[in-house]
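Subject: Structure for you to look at

Hi,

Here is the structure I said I would pass on. Have a look at it first, and my notes follow below.

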Amino acid sequence: MMVHSVSDGVGDMHLKTDSLSSTDGQTENYKSVYKVGLPPRRNFIREFADAVKETLFSDDPLRPYKDQPKSRKLLLGLQFLFPVLEWGRYYNLSKFKGDVIAGLTIASLCIPQDIGYAKLANMDPKYGLYSSFVPPLIYAVMGSSRDIAIGPVAVVSLLLGTLLQNEVDPLNDKEEYRRLAFTATFFAGVTQATLGFLRQMLPLSLCILGFLIEFLSHAAIVGFMGGAAITIALQQLKGFLGIKNFTKNTDIISVMKSVWGSVHHGWNWQTILIGTIFLAFLLFAKYIGKKRKSLFWVPAIAPLISVVLSTLLVDLTRADKYGVQIVKKIDRGINPSSVGQIHFSGSYALKGFRIGVVAAMIALTEAIAIGRTFAAMKDYQLDGNKEMVALGTMNIVGSMTSCYVATGSFSRSAVNFMAGCKTTVSNMVMSLVVMLTLLLITPLFKYTPNAILSSIIISAVISLIDYEAAYLIWKVDKFDFIACMGAFFGVVFVSVEIGLLVAVSISLAKILLQVTRPRTALLGNLPGTTIYRNMEQYPEATKVPGILIVRVDSAIYFTNSNYVKERILRWLRDEEEQLKANDLPQIDFLIVEMSPVTDIDTSGVHAFEELYRSLRKHEVQLVLANPGPVVIEKLYSAKFPELIGHDKVFLTVAEAVMTCTPKAREDV
């Protein structure tokens, strides 16, 4: 029988054989055309240079500048920093119409949200509006996402408020609290911009901060965001119930103690009535928008309608005289300069740096995730480097113009997308509307009840609780679900920063577990073929008498080399015990399928040498199948094939089995 192609292990390998029996695995006059190839040895300096280039410049960031005249290089450099120079050339009236409609729509959503988010950060409401005026303008000329809507967001506002109040009391020392907020925003921007520039030349994982961002897995983010949403909603009970004395802690136990401790003397029924009515209205508006996509503008404009109606209601009934807490005065005017308020040295600078770094990580994670989601929907490429630089620059400038940390908002970006935005001009339109609001109508918010702001925030953060994603994580990967729940409960029962730490720690633990305990599999032959597969995945696969076939599904390094050796020996011991119990012939050959082994270090080679010596004591011969170019080169450098015999290294498992079977007892 002639076989011209076989497949085994992970990849498909081509070989030719003569006179192959498909019944018992025996071969006669077997002759292989191909052997495992040893790659040509390269010059050490060239090899080292290539490795450095691949490590430090993996995405070849300077490629567009190659062989270009100086004028072209200058233009490309400016376009990297200011993408508006690239897409602006193709801008037209049709796109402008779409951007104006989208900008006006998200402006109606952002104004009431920003006032509420500022309270989350323990800031005066005007600073929320400031943060939706300057940062969106900067992002509009520097960002690469067409759909992201920039401004304060609930999670970052809560995070800042929690971390800042641990350092400065926002009630007794408002001035210093505000200065620390601007300092944290400045360092958040510096962190983001620095990561963007470094990522042009260095892999993100080489930077400590980028390393931490990489370990915020999808599961951890789902749990963290869900926990943050619950925490934010609980914090709104102060305004929703009209409680004046409320705990500064964010954990659910402290919050519920504060809520139920005020039930007899702290709750205000008028406030509860206003909050409940408008929360029901907002949730109903969201339901309508979700049910009918063409009515996306209904949930977008509902918060502004709620603010207008509730403000008129309180003003006409003078409900503030009956205990309904109101926003009170919001100063008119655009952002004043805050350069002189930023701490560039001293203990507060260090505190601001620490808080800023944490805020930068969360803000980056949220913005880039949002940007990639909508970029995939519209089928365009999002440049992560440009996003980091743009977000960082807008926060640096924002910190100097009385803003706190801004980033991409999912709720606003979704509305921006559905409203038909075409470019970042929609952010400019939104910014213009916010500017007019600051200049003309902020005094009208005087009688806006705090309860309506709480209702707006509660309705906004509900969408952060992704039940479907959590259920899917549970079904797909239980360890990921542990990371998800760890982050969730860490935020809800302790604090936002502890939840973040738990999320990173569990994700890191998962990676370390996978690295130190790689998967191995016992392979068997699929009947009627020369294909060998995992016997757990294919129960019909059969073992080959006298041969044990094991596959290692990972690179072999010092972190796992001893485990791999011990696991292979355990496979052998378990198999021999079963054979002995059934009075069957013992194992003569152990074949290690190495297709998935992408690399091996000296510890790995040493482990294989120890494995070879252990097998000899058991009168079992070690055979290797399909080692890759990097692996075989290192094995030859260590003279390992000379140790086990050059005839014990095969191109495929099928070839190894067909060669070893007829000589099973004779060659031992």
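Before the pockets, a word on classes: Ala, Val, Leu, Ile, Met, Phe, Trp, Tyr, Cys and Pro count as nonpolar, Asp, Glu, Lys and Arg as charged, and the others, Gly among them, as polar. With that in hand, the lining of the second largest pocket divides into 14 nonpolar, 13 polar and 11 charged residues. Keep in mind that this is a predicted model.

That pocket holds about 1300 Å³ of space. Its lining is made of 38 residues, and Lys119, Asn122, Met123, Leu171 and Lys238 are the ones that lie nearest its centre. Where does the lining come from? At least two residues each are supplied by helix 4 (93–120), helix 5 (125–130), helix 7 (154–165), helix 8 (174–201), helix 11 (237–241) and helix 19 (450–461).

Asn122 deserves a second look, since that residue turns up again in the backbone angles. Its phi is near 60 degrees, a positive value in a residue other than glycine. Most residues other than glycine have a negative phi. Asn122 sits in the loop between helix 4 and helix 5, and it is partly exposed, with a relative accessible area of 29%. Arg318 also has a positive phi, near 50 degrees. You will find Arg318 in the loop between helix 14 (297–317) and helix 15 (347–378). Is Arg318 buried, exposed or partly exposed? At 31% relative accessibility, Arg318 counts as partly exposed, because that class lies between the 20% limit for buried and the 50% limit for exposed.

Now for the closed spaces. There are three cavities of 30 Å³ or more in the structure, and the largest cavity has about 120 Å³ of space. Its lining residues are Tyr117, Val153, Ala154, Val155, Glu366, Ser409, Phe410, Ser411, Ala460, Val461, Ser463 and Leu464. By class they come out as eight nonpolar, three polar and one charged. Helix 7, helix 17 (410–418) and helix 19 each give at least two residues to this lining. Helix 7 and helix 19 are also among the helices that supply at least two residues to the lining of the second largest pocket.

Further along the chain there is a sheet. It is open, has six strands in the order 6-5-7-8-9-10, and its pairing is mixed. Strand 6 (532–534) and strand 10 (649–650) are the edge strands, each pairing on one side only. Helix 23 (residues 561–581) packs on the sheet and touches strand 5 (520–525), strand 7 (547–552) and strand 8 (589–593), with its direction at about 150 degrees to that of strand 7. Helix 24 (residues 602–617) packs on the sheet too, touching strand 8 and strand 9, and its direction makes about 140 degrees with that of strand 9.

How are the neighbours of strand 7 joined to it? Strand 5 runs antiparallel to strand 7 over three bridges, and Ala521 stands opposite Arg551 there. Strand 8 runs parallel to strand 7, with five bridges, and Ile549 faces Ile591 across that pair. Strand 7 itself is mostly covered, with six of its six residues buried. Ile547, Ile549 and Arg551 point one way, while Leu548, Val550 and Val552 point the other way. Over at the edge, strand 9 (residues 621–625) and strand 10 pair in the parallel sense over two bridges, and Leu624 stands opposite Val649.

Cheers

Methods. Residues numbered from 1 in each chain as written. Predicted model: local features only at pLDDT ≥ 70, side-chain atom pairs only at ≥ 80, totals over all residues. Heavy atoms only, no water. Pairing = 2+ DSSP bridges. Helix = DSSP H or I, 4+ residues; strand = E, 2+ residues; numbered from the N terminus. Contact = heavy atoms within 4.5 Å. Axes fitted to C-alpha atoms, helices over the stretch in contact; angles between N-to-C directions. 1 Å grid on protein atoms, 1.4 Å probe; cavity = no way out; pocket = protein on both sides within 12 Å on 5 of 7 lines; lining within 4 Å. Points joined across faces, edges and corners; volume = space filled by probe spheres on them. Buried < 20%, exposed > 50% of the residue type's maximum accessible area, 1.4 Å probe, protein only.
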